[in-house]
Amino acid sequence: MAIEALKDAPQEVTRTQFERQRLRSKGALYLFRRYTPFWWRRAIYTPFLMALDGMDFVLGRQKELVPPRYLDFAGHNRFLEAGQEYVEYLRDLCGLQPQDRVLDIGCGIGRVGVALTKYLTTGSYEGMDVVPSGIRWAQQHVTPKYPRFHFQVADIYNKMYNPSGRFKSAEYTFPFSDGEFDVVFLISVFTHLLPDDFEHYVAEISRVLRPGGKCLFSAFLLDDEARRGMAAGKSAFDFKYKLSGCWTSDPATPETAVAFEESTIAPMLKRHSLIADPTRFGAWSGRSDYFSYGDIVTSTKASSVKG
Ligand SMILES: C[S@@+](CC[C@H](N)C(=O)[O-])C[C@H]1O[C@@H](n2cnc3c(N)ncnc32)[C@H](O)[C@@H]1O
């Protein structure tokens with residue numbers, strides 16, 4: 001059983017994320033999530049989350065640079081530990097150095113940014129997201145303490161997260177110069193973008209990366225084993241609805257969870273001068289041998305672009 005295998009895993013964060021998502025993907029919770037828009041659900045949960053925040057306050061359990069639950073729209077489990085896990089990936093898989101300049105696209109409320117404050121001792125960080133409330137919290141709490149850490153809103157449409165956004169992802173130019181960054185990463189962002197948006201973002205990532213710079217992203221990628229996991233009911237998502245160039249678990253709001261064919265990723269990255277490493281498959285599909293929760297893709301910007 002996949003969950004048994006996960007119990008022995010060192011990555012507690014991965015295991016709990018997998019179990020929580022599996023719970024949400026079945027029965028009444030699935031129906032509630034499928035038929036209640038994301039921000040309505042947040043509004044329904046808010047009084048309960050505020051009560052938990054109040055308890056943390058009374059019991060002195062609040063931690064520095066951890067946002068209150070009611071503001072954390074990404075619903076983070078273990079905010080600090082999970083942020084740290086991704087810092088380790090960036091360090092070990094992308095060779096991130098303390099002096100690097102880093103871009104976090106879809107930074108949410110700054111989970112990885114907060115963890116990076118301990119590591120980027122002389123480097124700098126830019127976080128960008130489509131949800132203003134998370135960016136506001138990070139600007140008010142992280143930047144004053146760490147002035148080399150900046151956060152900004154990109155007013156981009158996403159049916160789930162920002163249904164009133166002005167710009168389309170597929171037409172958005174990142175507000176940064178060519179070759180400005182050593183490392184660009186996106187955690188659980190391409191899991192919410194449709195194919196044209198995905199490819200345009202890859203082109204923009206390649207533009208803002210210096211030659212030799214690294215990109216890391218998480219995604220849900222389908223190969224034979226992931227498909228077997230879904231067919232056997234072991235996975236945290238069932239990507240059974242096929243759209244053009246991707247699959248979703250929710251046809252009404254496809255951005256809720258989007259999966260791509262694994263074999264198309266490296267060629268797509270290559271079209272934009274990014275040379276991919278072999279995919280590190282994640283636990284989401286119920287496989288017993290995994291690296292993280294989502295599938296992790298790393299790539300390097302080619303030093304010279306061939307025509
Ligand atoms: C699951 S959350 C992950 C947040 C953050 N990366 C983290 O790991 O804590 C997905 C994030 O993607 C952001 N997002 C959705 N569409 C986006 C887009 N087109 N451009 C940038 N960010 C986007 C959402 O607002 C949300 O913060």
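Let's start in a loop: L65 sits between α4 (38-58) and α5 (79-94). Since this is a predicted model, everything that follows describes the prediction. L65 has a positive phi of about 60° although this residue is not a glycine. Its surroundings are of an intermediate kind: L65 is partly exposed, with 17 other C-beta atoms within 10 Å.

A second residue invites the same sort of look. S273 is found in the loop between α10 (265-271) and β9 (274-276), and here too phi is positive in a residue other than glycine, near 65°. Is S273 buried or exposed? S273 has 20 other C-beta atoms within 10 Å, and because 20 or more is what buried requires, S273 counts as buried.

From S273 we can step into β9 and on to the strands that pair with one another. β9 and β10 run antiparallel and are joined by three bridges; within this pairing, L274 stands opposite K301 of β10. Strand β10 itself covers residues 295-301, and six of its seven residues are buried, so the strand is mostly covered. You might recall that side chains in a regular strand alternate between the two faces of the sheet. β10 also pairs with β5 (residues 209-222), again in the antiparallel sense, through six bridges. One place to find this pairing on your screen is C215, whose bridge partner in β10 is S299. Taken together, β10 has pairings with both β5 and β9.

Now let's turn to the ligand. Which residues come nearest to the ligand, of the 20 around it? They are G106, G108, R111, N158 and I187. The shell as a whole divides into 12 nonpolar, six polar and two charged residues.

Finally, zoom out to the whole chain. There are 10 helices and 10 strands, and 39% of the 307 residues count as buried. The C-alpha trace spans about 55 × 45 × 40 Å along its principal axes. How does that overall size fit a compact globule? What radius of gyration would a compact globule with 307 residues have? It would be near 19 Å, and the chain has 19 Å, so the two agree. Contacts tell us about the chain's path as well: among those between residues at least 6 apart in sequence, 66% join residues at least 24 apart.

Definitions and conventions:
Residues are numbered from 1 along each chain as its sequence is written. This is a predicted model: local features need pLDDT of at least 70, side-chain atom pairs count only at pLDDT 80 or more; totals for chains, interfaces and linings use all residues. Helices (H or I, at least four residues) and strands (E, at least two) are DSSP runs, numbered from the N terminus. A residue is buried if 20 or more other C-beta atoms lie within 10 Å of its own, exposed if 12 or fewer, and partly exposed in between; C-beta atoms are placed from the backbone. A residue is near a molecule or strand if its C-beta atom, placed from the backbone, lies within 6 Å of it. Ala, Val, Leu, Ile, Met, Phe, Trp, Tyr, Cys and Pro count as nonpolar, Asp, Glu, Lys and Arg as charged, and the others, Gly among them, as polar. The radius of gyration is taken over C-alpha atoms; the globule rule is 2.2 Å times the number of residues to the power 0.38. Two residues are in contact if their C-beta atoms, placed from the backbone, lie within 7 Å. Two strands pair if DSSP finds at least two bridges between them.
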